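Work through the following exercises with the sequence and the predicted model at hand. Each task is followed by a solution in steps.

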Amino acid sequence: MRHLLSISDLSKDEAVLILDTAIEMARASDGPMKKLPTLRGRTIVNLFAEDSTRTRISFEAAAKRLSADVINFGAKGSSLSKGESLKDTALTLQAMGADAVIIRHGASGAPVRLADSAWMSGSVINAGDGTHEHPSQALLDAFTIRKHCTKSGGDLAGLRIGIVGDVLHSRVARSNVLLLSLLGANVTLIAPPTLLPFGVESWPVDISYDFDSVLPSLDAVMMLRVQQERMSDLFFPNAREYSRYFGLNRDRMLTMKPNSIVMHPGPMNRGLEITADVADSARSVIVEQVSNGVSVRMAILYLLLAGAPTQIGANS
Amino acid sequence: MSKSYILKGGSLPNGTKSDIAIKDGLISAIGTSLDANGSKIFDITNCVVLPGLVDLHTHLREPGREDSETVLSGSRAAVKGGFTAISAMANTSPVADTAGVVEQVFRLGQEAGLCDVFPVGAVTQGLEGEKLSEMGAMANSIARVRVFSDDGHCVSDPLVMRRALEYVKQFGGVIAQHAQEPRLTVGSQMNEGIVSAKLGLKGWPAIAEESIIARDVLIAEHVSSRLHICHVTTAGGVEIIRWAKARGIDVTAEVTPHHLLLTDDLASSYDPIYKVNPPLRTQKDVMALREALAEGIIDIVATDHAPHPAETKECEWQEASFGMLGLETALSIVMQTMVDTGLMKWEQVADRLSIAPARIGGYSDHGQEISVGKSAHLSVINPTASWRVDRDLVASRSRNTPFHGMEFPGVVTHTFFKGVKR
Amino acid sequence: MNAALSAEEISRALTRISHEILEKNGGSSNLTLLGIPTRGAHLASRIATIINSIDSSDVPVGTLDITLHRDDLRMRPPRALMPTLIPQAGIDGRDVILIDDVLFSGRTIRAALDALGEIGRPKSVQLAILVDRGHRELPIRADFVGKNIPTARTQNVKVNLSETDGEDEVLVSDGEDK
């Protein structure tokens with residue numbers, strides 16, 4: 001059995017293999033070969049217990065370009081919204097013969113539970129679980145950074161990458177910290193102390209509370225979504241103060257290195273963590289991140305599902 | 001059936017080899033070459049005889065959740081674990097906040113007849129932390145309640161806690177506090193630390209326990225009342241209790257077997273079998289708790305036996321219930337963590353699992369030194385044997401033991417309650 | 001292990017194949033060469049060089065990775081993908097020469113034909129191969145063959161090329177019984 005549950009399941013070579021494979025997938029889908037027969041006859045279930053149009057569509061497009069049969073199983077109107085347990089859902093998917101389940105879930109660890117249980121035997125791909133991880137997002141981010149900030153592919157050694165904002169609640173940040181440092185980049189987390197996890201000192205990153213002092217040295221800056229409700233939970237006083245110190249606006253962007261890029265996993269809060277002119281600027285690769293997402297997810301599906309067992313990711 | 005027995009070949013907690021004769025519910029003789037005189041003889045060579053174990057913290061789920069445990073099934077689990085007295089926590093449905101409920105639970109315990117079941121009364125009505133429950137009526141009921149606790153919830157309002165501590169003095173009661181500052185633990189899932197940060201599970205910080213312990217020992221000192229701290233889990237909590245005791249504050253404290261053995265990194269599997277409140281902590285905390293128990297800073301081991309049906313554990317971590325079984329494995333875990341490590345002798349085990357909890361709970365018939373004329377509540381353990389926990393073989397109605405498949409030293413071979421083998 | 005083809009024999013075979021391609025197609029003007037990575041791609045660029053020198057032309061040459069079209073994907077761990085680089089002009093209406101190092105079961109070529117079908121509609125597809133070792137499992141034959149080497153099914157045929165392996169040679173060895 002093979003899964004992609006956490007970036008921590010990947011070796012550096014495996015991560016690079018995914019990124020290299022994604023290059024060829026991008027080439028194949030950019031060129032004349034829109035549809036590949038690779039996963040013909042495989043059934044992939046998109047199990048999205050939490051709404052996420054962007055990630056679901058990206059995985060669906062990736063699966064369909066590889067000719068897999070895709071079944072969408074969403075929260076609204078499905079048995080999930082009627083309180084069906086994860087176990088019963090998994091047993092159903094097993095009975096339907098799912099070769100893989102791509103799961104988005106509000107509970108941290110739900111994909112691990114699915115993979116480790118005896119409830120189903122297919123591959124499990126974590127498409128974002130609670131505040132834990134979002135491995136495919138980190139892989140597409142690394143793919144995007146590699147494309148813009150390195151000359152020859154390979155790893156990300158020597159690059160300086162900033163992740164700014166609500167690290168505490170961000171599964172994107174957790175996966176990116178693991179992956180970017182695995183690939184040799186220097187990662188700096190930039191956030192008010194309230195939005196950094198307890199024990200973050202043990203992570204392989206630098207910490208800064210001063211965006212302005214770090215920004216000019218970065219090759220890529222990744223802005224995280226800040227949810228409005230965090231204000232009522234006392235994480236920061238108000239949106240204005242947050243934007244003043246941790247938002248990326250035009251003045252701040254002007255201090256960035258030449259050729260450095262601005263990233264955001266989406267969906268954006270324009271005006272809060274990023275201003276509209278920055279999001280739409282030439283430095284912004286935010287739209288490109290979305291299209292890279294399909295290629296990276298094709299690579300993940302190919303490497304997990306196309307061949308015989310023992311590939312990338314956790315074996316269990 | 002013969003009502004007189006002789007336990008032959010065992011040792012007393014102090015290590016003295018001695019036979020014990022039981023007659024009509026009492027210990028009738030202690031010594032060597034006791035006259036059999038028609039008694040049934042149990043060969044307990046290599047075994048240690050302890051005064052019957054007393055648990056101050058047990059969830060029996062009846063009334064309300066008889067699918068996960070009943071007074072009868074919990075009594076069976078108790079006897080299997082060597083306990084002759086257990087304390088039924090108040091968070092049942094309905095809550096044990098009136099004389100009617102505690103008398104019902106007490107009677108169910110009498111009917112089961114396997115061990116004594118002492119109901120714990122709720123401190124506040126409905127465990128809501130606002131209005132005091134009728135503690136006087138519970139104390140004067142046939143259940144004679146002396147231990148009051150909102151366990152599962154913290155009595156977080158300092159004024160309510162002060163009044164409760166004062167109020168129970170009139171009948172010699174004790175408030176057993178579940179120390180958990182609620183505002184610091186909204187939605188908390190596991191110990192706040194390196195592991196929770198990695199797993200993306202909301203942290204339950206040690207300070208949420210320590211700040212309540214600190215507050216309550218000061219209140220107890222101010223109003224000269226007796227305070228008991230349930231399930232201490234943190235090294236910091238231990239230090240505060242040490243300070244309070246040195247200052248002469250009347251505080252006692254308990255630790256659970258699972259907090260003496262397990263650590264928060266087990267949550268990495270996201271298997272909610274390890275989800276418990278208060279949560280599993282770090283190895284540093286585990287070592288501090290063991291030392292505190294050996295020293296007597298922590299007075300007793302209490303199980304916090306918390307049965308849950310399968311569906312509340314076969315799910316996502318954050319959806320799962322808090323709690324794990326404890327009665328059947330408690331003594332073995334204490335042996336492994338405290339006796340085999342050289343931290344305690346059997347004499348201290350007798351104190352921490354029987355004598356001290358009986359004293360705190362006011363269970364005067366239990367927790368006696370083994371001597372002639374006392375009630376024959378006895379537990380016999382064979383420390384030279386070992387066993388493997390099998391969740392399918394537990395006496396409890398639920399199977400949520402985190403120790404499934406683990407091998408432990410020490411087999412409880414006999415439990416005598418009121419002079420009868422149960 | 002026997003050397004079935006030396007470096008010189010390989011060079012001669014490629015020259016002969018180049019001439020045959022030109023002869024059969026009446027020149028190079030409508031040719032597109034596609035090599036199947038890894039070694040087929042190197043052979044394609046060598047053949048292109050030879051054709052260009054004979055014909056003073058600039059024949060389009062590209063690569064076609066067929067991994068995603070294989071029918072035996074489930075039988076082994078997936079491999080890293082190799083580049084597919086189709087020349088700018090595309091393949092519609094062209095005489096496409098597929099080039100690979102060894103022709104064995106024919107399944108690689110079937111996959112290549114499938115892949116070509118996704119890309120466009122060539123006027124013709126022809127197959128050039130350095131070594132044909134027999135044991136076809138599909139009705140596929142080569143139009144241009146460097147050398148026919150009869151082998152047992154259990155034997156291994158290894159084509160070494162200087163680009164990837166340091167020197168040119170074709171080796172036949174006895175496979176291990178499985």
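**Exercise 1. In what order do the four strands of the open sheet in chain B lie, and which are the edge strands?**

Step 1. Trace the strand order. The open sheet of chain B runs E3-E2-E1-E4. Its pairing is mixed.

Step 2. Look for strands with a partner on one side only. These edge strands are E3 and E4 of chain B, the latter covering residues 40–43.

Step 3. Take the angle between neighbours. With direction ignored, neighbouring strands are turned by 20° against each other on average.

**Exercise 2. Describe how E2 and E3 of chain B pair, and find the residue with a positive phi in their hairpin.**

Step 1. Locate the strands. E2(B) holds residues 19–23, and E3(B) holds residues 26–31.

Step 2. Fix the sense. The two strands are antiparallel and share five bridges.

Step 3. Set the register. B:Asp19 faces B:Gly31 in E3(B). B:Ala21 stands opposite B:Ala29.

Step 4. Go to the turn. Two residues lie between the strands of this hairpin. B:Asp24 has a positive phi there, near 50°.

**Exercise 3. Is helix H10 of chain B enclosed or open to the outside?**

Step 1. Find the helix. H10(B) spans residues 330–339.

Step 2. List its buried residues. Among them are B:Ala330, B:Leu331, B:Ile333, B:Gln336 and B:Val339.

Step 3. Conclude. Ten of the ten residues are buried, so H10(B) is largely enclosed by the rest of the structure.

**Exercise 4. Test the overall form of chain B against a compact globule.**

Step 1. Count the elements. Chain B has eleven helices and 18 strands.

Step 2. Apply the globule rule. For 422 residues, a compact globule would have a radius of gyration near 22 Å. Chain B has 20 Å, so the two agree.

Step 3. Add the extent. Along the principal axes, the C-alpha atoms fill a box of roughly 65 × 45 × 45 Å.

Step 4. Look at burial and contact range. In chain B, 59% of the 422 residues count as buried. Of the contacts with a separation of 6 or more, 75% join residues 24 or more positions apart.

**Exercise 5. Repeat the test for chain A.**

Step 1. Count again. Chain A has eleven helices and eleven strands.

Step 2. Compare radii. A compact globule of 316 residues would come out near 20 Å; chain A has 19 Å, which agrees.

Step 3. Give the spans. The C-alpha trace of chain A extends about 55 × 45 × 35 Å along its principal axes.

Step 4. Finish with burial and range. Of the 316 residues, 53% are buried. Among contacts at least 6 apart in sequence, 77% link residues at least 24 apart.

**Exercise 6. Where does chain A divide, and which elements of domain 1 touch domain 2?**

Step 1. Set the bounds. Domain 1 of chain A comprises 2–134 + 290–315, and domain 2 comprises 135–288.

Step 2. Place the centres. The C-alpha centres of the two domains lie 25 Å apart.

Step 3. Count the contact. Domain 1 gives 28 residues and domain 2 gives 25.

Step 4. Name the elements. On the domain 1 side, helix H1 (12–30), strand E5 (123–129) and helix H11 (286–305) of chain A each give two or more residues.

Step 5. Sort by class. That side has eleven nonpolar, eleven polar and six charged residues.

**Exercise 7. Characterise the surroundings of A:Arg160.**

Step 1. Place the residue. A:Arg160 is in strand E6 of chain A, residues 160–164.

Step 2. Classify its exposure. It has 19 C-beta neighbours inside 10 Å, so A:Arg160 counts as partly exposed. Burial would need 20 or more.

Step 3. List contacts beyond four places in sequence. A:Arg160 touches A:Asn186, A:Thr188, A:Ser217, A:Leu218 and A:Asp219.

**Exercise 8. Lay out the three-stranded open sheet of chain C, then turn to the contact with chain A.**

Step 1. Order the strands. The sheet reads E1-E8-E7, with antiparallel pairing.

Step 2. Mark the edges. They are E1 (2–5) and E7 (156–160) of chain C. The twist averages 30° from one strand to the next.

Step 3. Check one pair. Three bridges join E1(C) to E8(C), residues 169–173. C:Asn2 stands opposite C:Val172.

Step 4. Cross to chain A. Here 18 residues of chain C contact 20 residues of chain A. The chain C side has ten nonpolar, three polar and five charged residues.

Key
Residues numbered from 1 in each chain as written. Chains lettered and ligands numbered in written order. Predicted model: local features only at pLDDT ≥ 70, side-chain atom pairs only at ≥ 80, totals over all residues. Pairing = 2+ DSSP bridges. Axes fitted to C-alpha atoms, helices over the stretch in contact; angles between N-to-C directions. Contact = placed C-beta atoms within 7 Å. Nonpolar A, V, L, I, M, F, W, Y, C, P; charged D, E, K, R; others polar. Rg over C-alpha atoms; globule rule 2.2 N^0.38 Å. Buried ≥ 20, exposed ≤ 12 C-beta atoms within 10 Å, placed from the backbone. Domains from an automatic or database assignment.
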